Amino acid sequence: MVIFITKFIIRYKIMETYFNCKKLLGFGLMRLPMKGEEVDLEELKKMVDYYMSNGFNYFDTAHGYVNGKSEKAFKEAVALRYPRESYLLADKLSSPFFNSNADLEPLFQSQLEAAGVDYFDFYLMHAQNAREFIKYKNCQAYEFAFSKKKEGKVKHVGLSFHDSADVLRDILSTYPEIEFVQVQLNYVDYNDPTIQSKKIYDVCQEFNKLVVIMEPVKGGHLVNLPQEALNLLKENYNGSVASLAIRFAASHKNVITVLSGMSNFEQMKDNISYMKDFEPLNEKEYELINKITKVYKMSHLVPCTGCRYCVDGCPKKILIPDLIATLNAKQVYDDWNSNISYQKYTTNNGKASDCIKCGKCEKICPQHLEIRNILETISKKFDN
Ligand code: SF4
Ligand code: SF4
């Protein structure tokens, strides 16, 4: 009984923090409007104003997003322009930026400073999987985050997750203080045996955790659907292509927010048009999703989400996600543009055939892609 009441209080507290935003659309700051190499701050401010004026207020960033420019862009577009209590900010403790417990405090302080805030509403152990969890435990990173919560510098501690349901169960059993879990969930991967979206979501329910959903459109794949799937959607659904995917994610219970990486104003306007007065999916729409998923799976696209986690560590500087996108485009459209794209991406960077098969990229890929094999396929299609 005591445990039940404690769990209820924890959930109530986090929902109380969240109460101010109520709406289910989070502003993911992983992909931002850009002008060349720099964030287009004027466009971002315009988007932020529109987002906030429509009653939304959840922002999600990380120290490494947009080559370290995301937190700073948040500061310019939000922190310096809106009262602190008017928005909620989620930031993350990311593995590439620390190697020991002693690194955590300076990193945390630099994040607060970069984002222009003196506390985070949500602080996540970033991209947790079995291997990263060992590192985070060894560095006492979870304990560090809980201590920041005690200091009032963090309101709620959670994690973002990229591994199997069993690994999540292990993490949540080890650290029951975790309040929420950020999971990748989209309709084509829902029952996928590798991604395990549904199983992972079910573990969150089993442990009574609230959920943040990321990658609802699978890094853009569920917007740029294969033609046959697109036809099916257009004939049977009135909303935009993205809206079906985002509404699918948001229809799950105990979801705090669904993150959408909105990189231009049009995407934002579209997202807000159907999320402002959110309607969960109905039975006919679920049936449509099943049909689209079947068609999608038969198109054999490589399910890379474009997160770019694999790029920095590649010793041959291969632009892995761009080459995969080129392969997918060739698969769907079979046009000569793909060959031009391939040339563009390999002029100053490695070709697919330059891969030395070190496997570094596969260790970090949250989609568990067999990148080395995929690059062999790409090489056969594009390297002459
Ligand atoms: S396996 Fe190939 S693509 Fe992956 S990191 Fe190594 S060289 Fe780069
Ligand atoms: S290959 Fe994997 S790690 Fe690299 S961008 Fe795609 S999904 Fe992300």
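Which residues are around ligand 2? I open with that question, and I note at once that the structure before you is a predicted model. The residues around ligand 2 are C304, T305, G306, C307, R308, C310, P321, C365, P366, Q367, L369 and I371. Sorted by class, this shell holds eight nonpolar residues, three polar ones and one charged one.

Let me turn to the other ligand. Around ligand 1 there are 14 residues, and those that come nearest are C314, C355, C358, G359 and C361. Helices α16 and α17 each supply at least two residues of this shell. By class, the shell around ligand 1 divides into nine nonpolar, one polar and four charged residues.

Several cysteines have now been named, and a question about them follows. How many disulfides does a search of the whole structure find? The number is zero. As for two individual cysteines, C204 counts as buried because its relative accessible area is 0%, under the 20% cut-off. C314, which is among the residues nearest to ligand 1, also counts as buried, because its relative accessible area is 13%.

I move next to the strands, beginning with β5. This strand covers residues 88–93, and six of its six residues are buried. Which residues of β5 point one way, and which the other way? L88, A90 and K92 point one way, while L89, D91 and L93 point the other way; all of them are buried.

Strand β5 has partners that can be followed on the structure. Strand β4, residues 58–60, is joined to β5 by three bridges, and the two run parallel. Within this pairing, Y58 stands opposite L88 of β5. Strand β5 also pairs with β6, again in the parallel sense, over four bridges. Here A90 stands opposite F122 in β6. Between β5 and β6 the chain passes through α5, and this β-α-β crossover is right-handed.

From β6 we can continue to β7. Strand β6 comprises residues 120–128, and six bridges join it to β7 in a parallel arrangement. F120 has V154 in β7 as its bridge partner. Strand β7, residues 154–161, is mostly covered, with seven of its eight residues buried.

Strand β7 is in turn joined to β8 by four bridges, and these strands run parallel. The bridge partner of F161 in β8 is V183. The chain crosses from β7 through α8 to β8, and this β-α-β crossover is right-handed.

The last topic is charge pairing. Side chains of opposite charge can pair when their charged atoms come close. How many salt bridges does the count come to? The count comes to 19 salt bridges, and I shall present three of them.

The first example is K148 with E105, whose closest N and O atoms are 2.9 Å apart. This pair links distant parts of the chain: K148 lies in helix α7, residues 141–151, and E105 in helix α5, residues 104–115, with their positions 43 residues apart in the numbering. Is K148 buried or exposed? K148 counts as buried because its relative accessibility is 2%. E105 counts as partly exposed, because its relative accessibility is 31%. The pair also belongs to a network of salt bridges that links E105, K148 and E151.

The second example is E179 with K149, where the closest N and O atoms are 3.3 Å apart. E179 is in the loop between α8 and β8, whereas K149 is in helix α7, and the two residues are 30 residues apart. E179 counts as buried because its relative accessibility is 5%. K149 is partly exposed, with a relative accessible area of 35%.

The third example is E362 with R372, whose side chains meet in a salt bridge at 2.9 Å, N to O. E362 is in helix α16, residues 360–364, and R372 is in helix α17, residues 371–382, ten residues apart. E362 counts as partly exposed because its relative accessibility is 22%, and R372 counts as partly exposed because its relative accessibility is 27%. Helices α16 and α17 have already appeared in this talk, as each supplies at least two residues of the shell around ligand 1.

Key: Residues are numbered from 1 along each chain as its sequence is written. Chains are lettered from A and ligands numbered from 1 in the order in which they are written. This is a predicted model: local features need pLDDT of at least 70, side-chain atom pairs count only at pLDDT 80 or more; totals for chains, interfaces and linings use all residues. Side-chain values use heavy atoms; hydrogens and water are left out. A salt bridge is a side-chain nitrogen of Lys or Arg within 4 Å of a carboxyl oxygen of Asp or Glu. Buried means under 20% relative accessible area, exposed over 50%, partly exposed in between (1.4 Å probe, protein chains only). A residue is near a molecule or strand if one of its heavy atoms lies within 4 Å of it. Ala, Val, Leu, Ile, Met, Phe, Trp, Tyr, Cys and Pro count as nonpolar, Asp, Glu, Lys and Arg as charged, and the others, Gly among them, as polar. A disulfide is a pair of cysteine sulfur atoms within 2.5 Å. Two strands pair if DSSP finds at least two bridges between them. A crossover is right-handed if, with the strands pointing away from the viewer, the path from the first strand over the helix to the second runs clockwise.
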